[in-house]
Amino acid sequence: MSTLSMPFDSISISAGQSLALVCDQDLSALPSLLAKLAQSHQTHFQLSCLCLSAPDPLLLQRLHLDYQPDSLNTPRRWALFPAPGSHQTVTLTLNTELTLDGINELDYRHGFEQLIIAADANDKLAADPDITSAFVGLCKPNANISLLQQDDILATSLTKVMLSTEQVTDNASGPYPAPTQTRGETAIIGGGIASAALCLSLAERGVNMSLFCRDAQAGEAASGNRQGALYPLLSQHHDELSQFYVQSFLYSRFRLAQMLGQGHEIAHGFSGVLQTAHDDKSTARLGKVVQFPWPDFIARPVDAETATNIAGIDINKPGLEYPLGAWVCPAEFTRAMIAQAAKTTGLKQHYQTQIDAIEQKEDGWYLSQSGSAKQYGPFANLVLASGAEVTTPPQTSQLPLSPFRGQVSHIPTTARLSQLNTVLCAEGYMTPANNQAHCIGASYVKSSKDLSFSETEQQANKARVQLSYPGKDWVEDIDVSGNSARVGVRMVSRDHFPMMGAAPDTEHLLELAAAHPQDAKFWQAQNAPVYQGLFILGGFGSRGVCSAPLTAEALAAQLCGEISPFNQDIRQRLNPNRMWMRKLLKGKPL
């Protein structure tokens, strides 16, 4: 059972403990808690600050937390140094404006070991036993719950809850449990934006890592384009896919600004993105999307005249503007996050290292190369974030991901094209000029891993832009005759969600499915089979710039037993087992 203590001086903090501070609007207890952590001899702490209301942004600034008023609903994370000159770090996660539903959506299934309740939260918790119960439910059975100020009513309420609350087990989420994590070094195979984002998210948590990349440097495969558009994928009903992309978009925008603020050179333009229709079908779809009441900073409908003014060239079409949209060089963004991760912690980087085989032994995962007796390992956790190669190992060969070849064309700017001020998205896309050139594209050829230049696709990229804006004089300036282009392969899932989480043990799953044919009840009680310590981070399609950083952050949270930035429904949509489990849970054959 959890124990209750008060006041602050009675708090005893041990090595490796997971801590949470519950408060309302006042974060005055946070500096005192950080000072107490600074007295410890431990090198790193994980601290979650759970606010029932939105704190004053000025207070956040005084605490040197760069939180913007329009992002208070988005969980944020900082690496803090509680004492000047100290090598100790605290990873602080801040959630604000938590309602009962919001608390229940927090995925901290490993449980807090210390729950500290600030004085300003006493009245709300004492008045609402459901919220009190929800917070206690986030704790481990033997957790310590501390009140920073004496409150007999709340103490009585907490005691009753602790005596009556059944702790949530890993089976609470049905067939998608969070796998038990193994402490130790993590290996990441990849070299694109997903692996880079994961390196940074894990580095901020003090995780010991090794990165294995087959290329001479990061950002040379599908993440190697000169310019990529950063904007969310929206739907008329703001379904789970749309919710996922809005969250991811805002986080990617934050990550980009963070890297720029830390001095990394990344070609980019906070130019916004303008989406227009190109045929009857896309006109109908866009017309439905604009009917949803999006916040203006996410998306806003614009008429034809406004669209032309935004674009800087003659569009003469209504559309949907994403004011916070941008373009960014994915390769430079990727390398910046890896550099920042290496600066933050001891990231070991292995380039020109093609991993051809992975093997699980009793003491962890081992990696090897063809023609070499050398093995890397053991690793407690192994993450496959290797883009088009994610299905190469036998353990992941049956993942339902398909390769799509994409060719992006580079065209020289002209006097007219140089007037383009924003990213245009219609049937294809076109970016503002960077280094006297624009990017247009991209082709989308299924089941092809061919990386050679295609004249057919080069001409098709030109035609997409011309057909999207017929009769406009500037489209005649598009010149692809230089045959300048870049080809990459993206992995895509049927439901357009990427994959994040434990790697499915498909051999075991198929054996169970054969033994229990069309038995929905069996699967409702059976956890999805997974490989212990093996994880997937892939399937981002052509939207990795938007979706990879937050998905990587979610995987880092899972690896470290922290609160997920995604709710349970979205986590299940990201689960690599989802395609099989959807059928099995309905009693359908595979």
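Before anything else, a definition: helices (H or I, at least four residues) and strands (E, at least two) are DSSP runs, and they are numbered from the N terminus. With that in hand, I can place Asn-435, which sits in the loop between β23 (429-430) and β24.

Let me also say what kind of structure this is. It is a predicted model, in which local features need pLDDT of at least 70 and side-chain atom pairs count only at pLDDT 80 or more, while totals for chains, interfaces and linings use all residues. Residues are numbered from 1 along each chain as its sequence is written, and side-chain values use heavy atoms, with hydrogens and water left out.

I will begin with the whole protein. The protein has 17 helices and 28 strands, and of its 590 residues 57% are buried, where buried means under 20% relative accessible area, exposed means over 50%, and partly exposed is in between, with a 1.4 Å probe and protein chains only. The protein exposes about 24500 Å², of which carbon and sulfur atoms supply 49%; such accessible areas come from the Shrake-Rupley method with a 1.4 Å probe, and for residues only the protein chains shown count as cover. If we take the contacts (heavy atoms within 4.5 Å) between residues at least 6 apart in sequence, 77% of them join residues at least 24 apart.

Now to a pair of helices. In general, two packed helices are described by the angle between their axes and the distance between the axes. Here, helix α8 (residues 240-261) and helix α15 (residues 544-559) pack at an angle of about 90°, with their axes 7 Å apart. Axes are lines fitted to C-alpha atoms, for helices over the stretch in contact, and angles run from 0 to 180 degrees between N-to-C directions. How should we describe the direction of α8 and α15 relative to each other? They are roughly perpendicular, since angles under 35 degrees count as roughly parallel, over 145 as roughly antiparallel, 65 to 115 as roughly perpendicular and the rest as oblique.

On the α8 side, the residues that meet α15 include Phe-244, Tyr-245 and Arg-255, and among their counterparts in α15 are Val-545, Leu-550 and Glu-553. The residues of this contact between α8 and α15 divide into 8 nonpolar, 5 polar and 2 charged, where Ala, Val, Leu, Ile, Met, Phe, Trp, Tyr, Cys and Pro count as nonpolar, Asp, Glu, Lys and Arg as charged, and the others, Gly among them, as polar. As for α15, 16 of its 16 residues are buried, so this helix is largely enclosed by the rest of the structure. After α15 comes Gly-561, with a positive phi near 65°.

Helix α8 also lies across β10, β11 and β15, running at about 115° to β10, which brings us to the sheets. Strands of a sheet pair through backbone hydrogen bonds, either parallel or antiparallel. The strands that α8 crosses form an open sheet of 3 strands in the order β10-β15-β11, with antiparallel pairing; two strands pair if DSSP finds at least two bridges between them. At the edges are β10 (228-230) and β11 (268-269), each pairing on one side only. Between β10 and strand β15 (residues 326-328) there are 3 bridges, and Gly-228 stands opposite Val-328 in β15.

Another open sheet of 3 strands, also antiparallel, has the order β17-β18-β19. Its edge strands, β17 (357-361) and β19 (375-379), each have a single partner, so one side of each is left without a neighbour in the sheet. From one strand to the next, the twist averages 20°. Strand β18 (residues 364-368) pairs with β19 over 3 bridges, with Trp-365 opposite Phe-379.

Finally, the backbone. Most residues other than glycine have a negative phi, and most peptide bonds are trans. Which kind of peptide bond joins Gly-377 and Pro-378? The bond is cis, with omega about 0°, and Pro-378 belongs to strand β19. The bond from Gly-441 to Ala-442 is cis too, with omega near -5°, and Ala-442 lies in the loop between β24 (437-441) and β25 (445-446).

Returning to Asn-435, its phi is positive, near 55°, and the residue is exposed, at a relative accessible area of 71%. Gln-518, in the loop between α13 (506-515) and α14 (520-525), has a positive phi of about 50° and counts as exposed at 55% relative accessibility.
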